[in-house]
Each structure stands twice: as structure tokens, then as C-alpha cells.
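The following exchange sets out how certain labels are assigned to a structure and on what grounds.

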Amino acid sequence: MSNLCIIDHPLVQHKLSLMRQQDCSTYKFRTLTNELARLMAYEATRDFPIEDYDMMGWEGNIIQGKQIKGKTVTIVPILRAGIGMLDGVMDMLPTAKISVVGLQRDEETLQPVSYFDKFVPNVSERTALIIDPMLATGGSMVATIDLLKSKGCKDIKALVIVAAPEGVKVVNDAHPDVTIYTAALDSHLNENGYIIPGLGDAGDKIFGTV
Ligand code: URA
């Protein structure tokens, strides 16, 4: 599928399998979510441009260092489950600013609408990394990308731990410029909108509201 990056790394696959186990505790699930988020942030920043700069080395000589060039990031957790990935991504990008989006379903149109959003002031100049553990129908992801684009954001990536093919298609059709990074492309959505095999309700497992 276009614009989909499946992170087929042994650590990622190992940790994801631990999360899928029925007896995975809240503590373990939360820890693994952040560990995976860290590894996914590593992968999603692979194309960031880098430049050389002069600096003083430990011997007192000028040596060349490398730094990320002209990239500022806003991390965009989708409430509630996206919060579970926030610490992990911030570990890798400690100076990133956070924009938050909360969505709920409009009972008439059945479309997700924002009940809360707070974007950093210069969001249009930043790379946005949207975080949400589960890409199911894709409705919330598309709505979040719509919101970011309405604020002028041009460089957007989505980090999801598990994706359903249905959701990937919806996001790709609406926003083919947005790359989705995921640890797994699972089989399908069931009749209740859960990803199969999936993880169950990721928000409940992260927050312990099971
Ligand atoms: N949200 C979840 O938490 N799990 C799913 O399987 C689908 C949506």
C-alpha cells in the first residue's frame, strides 16, 4: 500500500507480540506502548535533513558536529489513547512542542468532530507527528490531518502501533501525502470496529479502565 511504512524490526515485532498477549498488564502494556513509540519516532525521523557545524571538541580543537537542519516538530496525540505514546516520542524529540486533538462522533453525521484542539502557535512551520496507537476506520486520523492542514501544516506523518487495511485506505485516499508508520498491518476490522488480531481497546489498556 502506498505511503505505508511497516517497521519490520525484530525489537518492534517482539514488543508488539507481548502487547497482543491476553494477560498483558496495564503497566506492561503502557511501558511497551512507549517503547514502541520511541522506536517508531526513530524510524519516522529517518529522512530529517542534517547539516555539519563547527564545535569545540574535548581536546580543545574545532571539530565538526552534525545537527538536524531546520526541522521543528509538533507531536499531535489524538485523545485519549494517543497520550500513551507521548512520553516515548518525546524521549526522542525532547524539544518538540505538543498539539492536542480530541474528537467525538457527531450523532447525526456519524463523522468525528473536534471537541478539543490546541495547536502550537507556529504549527504551519512544523513537521507534525500524529500519534494514536490504533488506526481502525481512519476517521479520527483523517479528521486530525484535516485540522492540521486547515492550520497550514504541510508536513504530516502518522505513527500508529497497529493499522487496519480499511483505515490505511481511508487515510491514503484522503491524504496521499501523509506517510503512515506502523508496527503491523493487521487483517481486518470486526463488526464492532476492533482491529483483528489487534490489541483490543488500546485506550482502556493504557489507562487501566478495563
Ligand atoms: N481502537 C482501539 O483501541 N482498538 C481497536 O481495535 C480499534 C480502535
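Q: Why is Gly200 called partly exposed?
A: Gly200 has 17 other C-beta atoms within 10 Å. A residue is buried if 20 or more other C-beta atoms lie within 10 Å of its own, exposed if 12 or fewer, and partly exposed in between, with C-beta atoms placed from the backbone. The value for Gly200 falls in between, so the residue is partly exposed. This is a predicted model, in which local features need pLDDT of at least 70 and side-chain atom pairs count only at pLDDT 80 or more, whereas totals for chains, interfaces and linings use all residues. Residues are numbered from 1 along each chain as its sequence is written.

Q: What makes Asp201 partly exposed?
A: Asp201 has 15 other C-beta atoms within 10 Å, so it also lies between the two cut-offs. Asp201 is placed in the loop between E13 and H6, and Gly200 lies in that loop, between strand E13 (195-196) and helix H6 (202-207). Helices (H or I, at least four residues) and strands (E, at least two) are DSSP runs, numbered from the N terminus.

Q: Which positions carry the feature "binding site" in UniProt?
A: The UniProt record (unreviewed entry) places this feature at Ile195, Gly200, Asp201 and Ala202; such annotations may be inferred rather than shown by experiment.

Q: How do you know that the length of helix H2 agrees with expectation?
A: The expected span is 1.5 Å times one less than the number of residues. For the 19 residues of H2 (residues 26-44) this gives 27 Å, and the end C-alpha atoms are 26 Å apart, which agrees. The buried residues of H2 include Phe29, Leu32 and Met40.

Q: Why is strand E2 said to lie largely in the open?
A: Of its 7 residues (50-56), the number buried is 0, so E2 lies largely in the open.

Q: What makes E2 and E3 a pair?
A: Two strands pair if DSSP finds at least two bridges between them. E2 and strand E3 (residues 62-68) have 7 bridges, in the antiparallel sense, so they meet this criterion. Asp54 stands opposite Gln64 in E3. The hairpin of E2 and E3 has 5 residues between the strands, and Gly60 there takes a positive phi near 90°.

Q: With which residues is Thr72 in contact, leaving aside its neighbours within four places in sequence?
A: Thr72 is in contact (C-beta atoms, placed from the backbone, within 7 Å) with Glu125 and Arg126. Thr72 and Arg126 are 54 residues apart in sequence and 5.1 Å apart in space, C-alpha to C-alpha.

Key:
Contact = placed C-beta atoms within 7 Å.
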